[in-house]
Amino acid sequence: MRYLLLASLAFAPIAAAEAREPVTPEQRIERLERQLRQVQRQVFPKGQPADTAGFVDTPAATQEAVTTLTSRLDAIERQMADLVRTGEENTHRLSVMETDLARLRADNESRFKAIEVGAGGATLPTATGPDTALPPAPQPRVEAPRLAPAPATAIAPAATDFASAGEAAYVTGFDLWTAKKYDAAIIQLRAMSSSFPGHRRVSWANNLAGRALLDKGQPRAAAEALLANYRGDPKGERAPDSLFYLGQSLIKLGQASQACKAYAELSDVYGDTIRPALKTMIAPARAQAQCK
């Protein structure tokens with residue numbers, strides 16, 4: 001809105017001047033160029049390419065010069081229209097982002113309250129259960145009936161246990177992911193991550209949320225989520241996995257060279273500490289990206 005106001009104020013003096021006396025093309029250009037520079041300083045405070053890039057100043061004594069001046073005037077007016085449109089688009093994007101953020105916060109709060117009520121009787125998964133988050137068809141999920149609520153006398157102490165509640169919240173998201181309910185899984189896993197800071201499963205939840213985005217066909221959003229998990233907690237248990245699936249997302253986006261860089265960084269940073277199941281997937285992935 002501020003940009004629209006600036007643009008309207010910038011053009012107001014022109015209308016008044018034209019009402020008093022006719023102006024030449026040269027005067028119009030000089031005024032528009034001054035006003036354009038003022039608006040650009042507001043819209044692009046860090047700098048903008050030269051205002052008259054590509055134009056040549058010639059004497060206004062020939063038909064060619066008049067044509068050149070007219071072209072410059074048209075170009076400046078197009079730039080002004082682009083600036084106004086950019087301001088409108090930025091305002092709209094900001095409004096949409098604020099609305100989406102408010103809705104996401106409300107969804108997370110309601111879902112976490114449901115988790116607190118129902119997670120008390122959940123038992124911890126076996127040592128091999130969550131490790132199957134990477135293969136497509138994990139077997140230990142047959143034990144899902146263990147998530148049924150325990151008698152009321154056992155719920156209260158378990159609900160206050162940070163480690164157990166966080167584990168149960170992650171397993172719920174994992175089960176949604178294995179059932180291919182990707183939207184619900186993403187919401188659940190993000191709620192777990194934000195509600196249990198410092199929990200060992202946060203790295204797992206963020207990684208699995210990124211994988212769910214990739215599985216549902218949103219490689220760009222998946223790449224952003226996976227890169228954030230790797231950079232935010234490079235020592236997390238699933239940081240290497242996030243780096244690997246970042247490469248997979250980049251391949252989906254047609255950026256094979258960037259995917260090769262992700263695989264190279266995975267090997268350089270984690271080396272022999274990469275778990276065997278993930279290590280066996282690196283060579284085929286590099287071949288898919290045609291890495292040198």
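## A buried asparagine in H8

Contact here means heavy atoms within 4.5 Å. With that in hand, a good place to enter this predicted model is Asn229, a residue of helix H8. Its relative accessibility is 4%, so Asn229 counts as buried, the cut-off for that class being under 20%. Which residues does Asn229 touch, leaving aside its neighbours within four places in sequence? The partners are Ser203, Asn206, Asn207, Arg238 and Ser242.

Those partners are a handy guide to what follows. Ser203, Asn206 and Asn207 appear again on the H7 side of the contact with H8, and Ser242 returns on the H9 side of the contact with H7.

## The chain as a whole

Let us step back for a moment. The protein chain has 11 helices and zero strands, so reading from the N terminus on gives α-α-α-α-α-α-α-α-α-α-α. Of the 292 residues in the chain, 36% are buried.

Contacts can also be sorted by separation in sequence. Among those between residues at least 6 apart, 62% join residues at least 24 apart. On the outside, the accessible surface of the protein chain comes to about 16,900 Å², and carbon and sulfur atoms account for 58% of that area.

## H7 against H8

Two packed helices are described by the angle between their axes and the distance between the axes. For helix H7 (residues 201-215) and helix H8 (residues 219-232), the axes come within 7 Å and cross at roughly 165°. That angle is over 145 degrees, which makes H7 roughly antiparallel to H8. The crossing of this pair is left-handed.

On the H7 side, the contact is made by Ser203, Asn206, Asn207, Gly210, Arg211, Leu213 and Leu214. H8 brings Pro219, Ala221, Ala222, Ala225, Leu226 and Asn229, the buried residue we began with. By class, the residues of this contact divide into seven nonpolar, five polar and one charged.

## H7 against H6

H7 also packs against helix H6 (residues 182-195), at an angle of about 155° and with the axes 9 Å apart. H6 is therefore roughly antiparallel to H7, and the crossing of H6 and H7 is left-handed.

Which residues meet here? From H6 come Tyr182, Ile186, Leu189, Arg190, Met192 and Ser193. From H7 come Arg201, Val202, Ala205, Asn206, Leu208, Ala209, Ala212, Leu213 and Asp215. This contact has 10 nonpolar, two polar and three charged residues. Asn206 and Leu213 of H7 are worth a second look, as they are listed both in the contact with H6 and in the contact with H8.

## H7 against H9

Are H7 and helix H9 (residues 239-252) roughly parallel or antiparallel? Their axes lie 10 Å apart, and the two helices pack at an angle of about 15°. Because that angle is under 35 degrees, H7 and H9 are roughly parallel to each other. The crossing of H7 and H9 is left-handed.

Ser203, Asn207, Arg211 and Leu214 make the contact from H7. Their counterparts in H9 are Ala239, Asp241, Ser242, Tyr245, Gln248, Ser249 and Lys252. The class counts are three nonpolar, five polar and three charged. Ser203, Asn207, Arg211 and Leu214 are named in the contact of H7 with H8 as well, so you can follow these residues from one contact into the other in the structure above.

## Residues to look up along the chain

Ala163 belongs to helix H5 (residues 162-178). With 43% relative accessibility, Ala163 counts as partly exposed. Although Ala163 and Arg200 are 37 residues apart in sequence, their C-alpha atoms are 8.6 Å apart in space.

Two further residues stand out by backbone angle. Lys180, in the loop between H5 and H6, is not a glycine and yet has a positive phi of about 65°. Its relative accessible area of 62% makes Lys180 exposed. Towards the end of the numbering, Gln290 is found in the segment after helix H11 (276-288). Gln290 too has a positive phi in a residue other than glycine, with a value near 60°. Is Gln290 buried or exposed? With a relative accessible area of 69%, Gln290 is exposed.

How values were computed
Residues numbered from 1 in each chain as written. Predicted model: local features only at pLDDT ≥ 70, side-chain atom pairs only at ≥ 80, totals over all residues. Heavy atoms only, no water. Axes fitted to C-alpha atoms, helices over the stretch in contact; angles between N-to-C directions. Helix = DSSP H or I, 4+ residues; strand = E, 2+ residues; numbered from the N terminus. Parallel < 35°, antiparallel > 145°, perpendicular 65-115°, else oblique. Left-handed = near helix turned anticlockwise from the far one by under 90°. Nonpolar A, V, L, I, M, F, W, Y, C, P; charged D, E, K, R; others polar. Buried < 20%, exposed > 50% of the residue type's maximum accessible area, 1.4 Å probe, protein only. Areas by Shrake-Rupley, 256 points an atom, 1.4 Å probe, with all protein chains shown as cover.
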